[in-house]
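User: Got a fresh one to look through with you. Can we start right in?
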Amino acid sequence: MFLLNENMVKARKEHSCRGCGKVYPKGSQMLNAMYMDRYGKYVSVYWCATCLEYMSRHGLTIAGEWELGELLSFDRAGWQDVNLEIIDRKQ
Ligand SMILES: [Zn+2]
């Protein structure tokens, strides 16, 4: 998929994150990314704060092909460490 645009948003309804596959409630801060797939169709995808932080630390980007939940299945322990840090930072 080709990344066209990205925006931080406050989710107006619940969305599942592409990277971890978890469902985040309405009101969550998420990155909304717009892609074009190989058929020329627009695809809107959401990314959570934990996945974004994980990716920036590991030199990964939201561009390209990501299956739903792929990031979490690829390094569950590493993802959970980042998630705990983010939760701590909010408290
Ligand atoms: Zn995520």
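User: How many residues of α3 are buried?
Analyst: Just one of the 15 residues in α3 counts as buried, so to speak hardly any cover. Buried takes 20 or more other C-beta atoms within 10 Å of a residue's own, exposed takes 12 or fewer, and partly exposed lies in between, with C-beta atoms placed from the backbone. This is a predicted model: local features need pLDDT of at least 70, side-chain atom pairs count only at pLDDT 80 or more, and totals for chains, interfaces and linings use all residues. Numbering starts from 1 along each chain as its sequence is written.

User: And buried overall?
Analyst: 22% of the protein's 91 residues.

User: What span does α3 reach?
Analyst: Residues 76-90 reach 21 Å from first C-alpha to last, close to the 21 Å expected. The expected value is 1.5 Å times one less than the number of residues. Helices (H or I, at least four residues) and strands (E, at least two) are DSSP runs, numbered from the N terminus.

User: Switching to strands: which way do β1 and β4 run?
Analyst: Antiparallel, with eight bridges joining them. K10 has Q29 in β4 as its bridge partner. Strands pair if DSSP finds at least two bridges between them.

User: What about β4 and β5?
Analyst: Also antiparallel, joined by six bridges. N32 stands opposite Y46 in β5. Their hairpin has five residues between the strands, and G40 takes a positive phi near 85° there.

User: What's the element order?
Analyst: From the N terminus, β-β-β-β-β-α-α-α.
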